[in-house]
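This briefing goes through one protein structure by topic. It starts with the fold as a whole and then turns to the core and to single residues.

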Amino acid sequence: MKFSHEMVVCIVNDGFSEAVMTVAKKVGARGGTVVNAKGTANTEAEKFFNITVQPEKEIVMIVVPSTIKNELLTALYKEVGLDSPGQGIAFSLPIDKAVGLASPVQEKSEAENQEK
């Protein structure tokens, strides 16, 4: 079975993971995972991008169907992007294979097939 999902990764300032998940759920994501992290940007990068880098970060990883990936990335850019207090960046990674990942319809179909 080929999966048609992507993992969207959004790195935001500490305290903005809930805003990321609010945006993601509006677009159709079912959930995500938050990892606390520390940024390492240097002062040259801060001057170049004209931003102040807060060292404490949150990384939000969200697995979504490929069909909503672009809508999610656009929404994240608008709501928690570099021009917002969250100063977020987001990108996606393709998922080639996964286990334990299914929509409710797929789970029901797989359960019915196993009973036969």
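A residue is called buried when its relative accessible area is under 20%, exposed when it is over 50%, and partly exposed in between. The model is predicted. By that cut-off, 29% of the 116 residues of the protein are buried.

**Overall fold**
- The protein has four helices and four strands.
- Along the sequence these elements follow the pattern β-α-β-α-β-α-β-α.
- Among contacts with a separation of 6 or more, 79% join residues 24 or more positions apart.
- The exposed surface of the protein is about 8,000 Å², and 54% of it comes from carbon and sulfur atoms.

**Helices α1 and α3**
- Helix α1 covers residues 17–27 and helix α3 covers residues 66–80; their axes come within 9 Å and cross at roughly 145°.
- This crossing of α1 and α3 is right-handed.
- On the α1 side the contact is made by Ala 19, Val 20, Val 23, Ala 24 and Val 27, and on the α3 side by Ile 68, Glu 71, Leu 72, Ala 75, Leu 76, Glu 79 and Val 80.
- Sorted by class, the α1–α3 contact has ten nonpolar residues, two charged residues and no polar ones.

**Nonpolar core**
- The largest nonpolar core contains 17 residues.
- Val 20, Ile 62, Val 64, Leu 72 and Leu 76 have the most contacts inside this core.
- At least two core residues come from each of β1 (5–13), α1, β3 (56–65) and α3.
- Val 20 of α1, together with Leu 72 and Leu 76 of α3, also takes part in the contact between the two helices.
- Outside its neighbours within four places in sequence, Val 64 contacts Ser 4, His 5, Glu 6, Val 8, Ala 29, Lys 69 and Leu 72.

**His 5 in strand β1**
- His 5 lies in strand β1.
- His 5 has a relative accessible area of 16%, so it counts as buried, the cut-off being under 20%.
- Beyond residues up to four places away in sequence, His 5 touches Val 63, Val 64, Pro 65, Ser 66, Pro 94, Ile 95 and Leu 101.

**Glu 56 in strand β3**
- Glu 56 is located in strand β3.
- Glu 56 counts as partly exposed because its relative accessibility is 36%.
- With neighbours within four places in sequence left aside, the contacts of Glu 56 are Val 12, Asn 13, Asp 14, Ala 37 and Lys 38.
- Glu 56 and Ala 37 are 19 residues apart along the chain, and their C-alpha atoms are separated by 6.1 Å.

**Two loop residues**
- Arg 30 sits in the loop between α1 and β2 (33–38).
- A relative accessible area of 59% is why Arg 30 counts as exposed.
- From C-alpha to C-alpha, Arg 30 and Val 63 are 8.4 Å apart in space, with their places 33 residues apart in sequence.
- Gln 87 belongs to the loop between α3 and β4 (89–94).
- Gln 87 is not a glycine, yet it has a positive phi of about 45°.
- Most residues other than glycine have a negative phi.
- Is Gln 87 buried or exposed? Gln 87 counts as buried, at 16% relative accessibility.

Key. Residues numbered from 1 in each chain as written. Predicted model: local features only at pLDDT ≥ 70, side-chain atom pairs only at ≥ 80, totals over all residues. Heavy atoms only, no water. Axes fitted to C-alpha atoms, helices over the stretch in contact; angles between N-to-C directions. Left-handed = near helix turned anticlockwise from the far one by under 90°. Contact = heavy atoms within 4.5 Å. Nonpolar A, V, L, I, M, F, W, Y, C, P; charged D, E, K, R; others polar. Core = buried A, V, L, I, M, F, W, Y, C linked by side-chain atoms within 4.5 Å. Buried < 20%, exposed > 50% of the residue type's maximum accessible area, 1.4 Å probe, protein only. Areas by Shrake-Rupley, 256 points an atom, 1.4 Å probe, with all protein chains shown as cover.
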